[in-house]
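Dear colleague,

I am passing on the structure we spoke about, and I would be glad if you could look it over alongside the notes that follow.

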Amino acid sequence: MKIIPACLTVTLVPLIAFAEEQVVTENTAEVQPPVVEPHPGAPYLELATEYVMVYDELGSVLAEVKDFLTAEKATPEVQRIVQQVAELTEREAVLPTPTPAIVDYVNGQLNQVDSQTPAERALGKVIDLLTLTDPPCHGSRTLEKELYLLISVLSGN
């Protein structure tokens with residue numbers, strides 16, 4: 001009767017070792033996350049998203065401008081935003097010209113959110129304050145100066 005357990009031990013020990021090896025191998029494979037390469041358009045999308053956020057903020061700040069006092073009050077925030085736009089413009093200038101595929105990728109991603117509205121609202125308010133308000137910017141020379149600086153930065157000067 002001692003031959004059967006010895007025979008089973010000889011047969012089962014290699015099988016048990018093989019099974020343990022498989023468990024270790026399978027667990028190791030599950031621990032390693034898959035490597036995901038970022039899309040080549042990711043830096044362009046990040047930059048475009050930051051532009052949208054800055055325009056949204058500018059639109060919100062300028063929406064509060066109703067008279068000289070609110071124009072003066074908004075000037076420091078507009079100065080900060082103009083600085084942000086200048087920094088974004090500098091970062092954009094460093095990037096290589098995007099391929100048509102990257103442009104399509106960024107546009108596709110931005111179409112999922114309403115990215116045009118913040119820019120239209122902000123730039124529309126800039127135009128209104130500079131051209132439709134008499135005197136421009138309700139008489140605030142400091143706000144007028146900052147808005148012209150913003151236009152200069154956006155035009156690449």
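Salt bridges between helices

Glu 50 has a relative accessible area of 21% and is therefore partly exposed. Please keep in mind throughout that this is a predicted model. Glu 50 forms a salt bridge with Arg 91, in which the closest N and O atoms are 2.8 Å apart. This pair links distant parts of the chain, since Arg 91 belongs to helix H3 (residues 68-94) and Glu 50 to helix H2 (residues 42-63), with their positions 41 residues apart. Arg 91, at 36% relative accessibility, likewise counts as partly exposed.

A search of the whole structure finds 6 salt bridges, and another of them pairs Asp 56 with Arg 121, where the closest N and O atoms are 2.9 Å apart. Here too the pair links distant parts of the chain, with Asp 56 in helix H2 and Arg 121 in helix H5, 65 residues apart. Asp 56 counts as partly exposed at 36% relative accessibility, and Arg 121 also counts as partly exposed at 36%.

Within helix H3, the side chains of Arg 80 and Glu 77 meet in a salt bridge, at 2.7 Å from N to O. Both residues lie in that helix, 3 residues apart, which is about one turn of the helix. Arg 80 is partly exposed, with a relative accessible area of 33%, and Glu 77 counts as partly exposed at 35% relative accessibility. Elsewhere, salt bridges that share partners join Glu 46, Glu 50 and Arg 91 into one network.

The loops before and after H5

In the loop between helix H4 (100-111) and H5 we find Asp 114, which is exposed, with a relative accessible area of 56%. Asp 114 and Val 52 are 62 residues apart in sequence, yet their C-alpha atoms are 9.3 Å apart in space.

The loop between helix H5 (116-132) and helix H6 (141-154) holds Thr 133, which counts as buried because its relative accessibility is 15%, below the 20% limit for that class. A polar atom of the Thr 133 side chain lies 3.1 Å from the backbone oxygen of Asp 128. When its neighbours within four places in sequence are left aside, Thr 133 is in contact with Asp 128 and His 138.

Further along this loop, which also contains Pro 135, the backbone deserves a careful look. Most residues other than glycine have a negative phi, and most peptide bonds are trans. The peptide bond from Asp 134 to Pro 135, however, is cis, with omega near -5 degrees. Cys 137, in the loop between H5 and H6, has a positive phi near 55 degrees, and His 138, in the loop between H5 and H6, has a positive phi near 55 degrees. As to accessibility, Cys 137 is buried, with a relative accessible area of 0%, whereas His 138 counts as partly exposed at 25%.

Helix H6 and what follows

H6 has 14 residues and reaches 20 Å from its first C-alpha to its last, which is close to the 20 Å expected at 1.5 Å a residue. Its buried residues are Leu 143, Glu 144, Glu 146, Leu 147, Leu 150 and Val 153. Just after H6, Gly 156 takes a positive phi of about 90 degrees.

With best wishes

Terms used
Residues are numbered from 1 along each chain as its sequence is written. This is a predicted model: local features need pLDDT of at least 70, side-chain atom pairs count only at pLDDT 80 or more; totals for chains, interfaces and linings use all residues. Side-chain values use heavy atoms; hydrogens and water are left out. Helices (H or I, at least four residues) and strands (E, at least two) are DSSP runs, numbered from the N terminus. Buried means under 20% relative accessible area, exposed over 50%, partly exposed in between (1.4 Å probe, protein chains only). A polar contact is a pair of N or O atoms within 3.5 Å; within protein, one must be able to donate a hydrogen and the other to accept it, and residues adjacent in sequence count only if both atoms are side-chain atoms. Contact means heavy atoms within 4.5 Å. The expected span of a helix is 1.5 Å times one less than its number of residues. A salt bridge is a side-chain nitrogen of Lys or Arg within 4 Å of a carboxyl oxygen of Asp or Glu.
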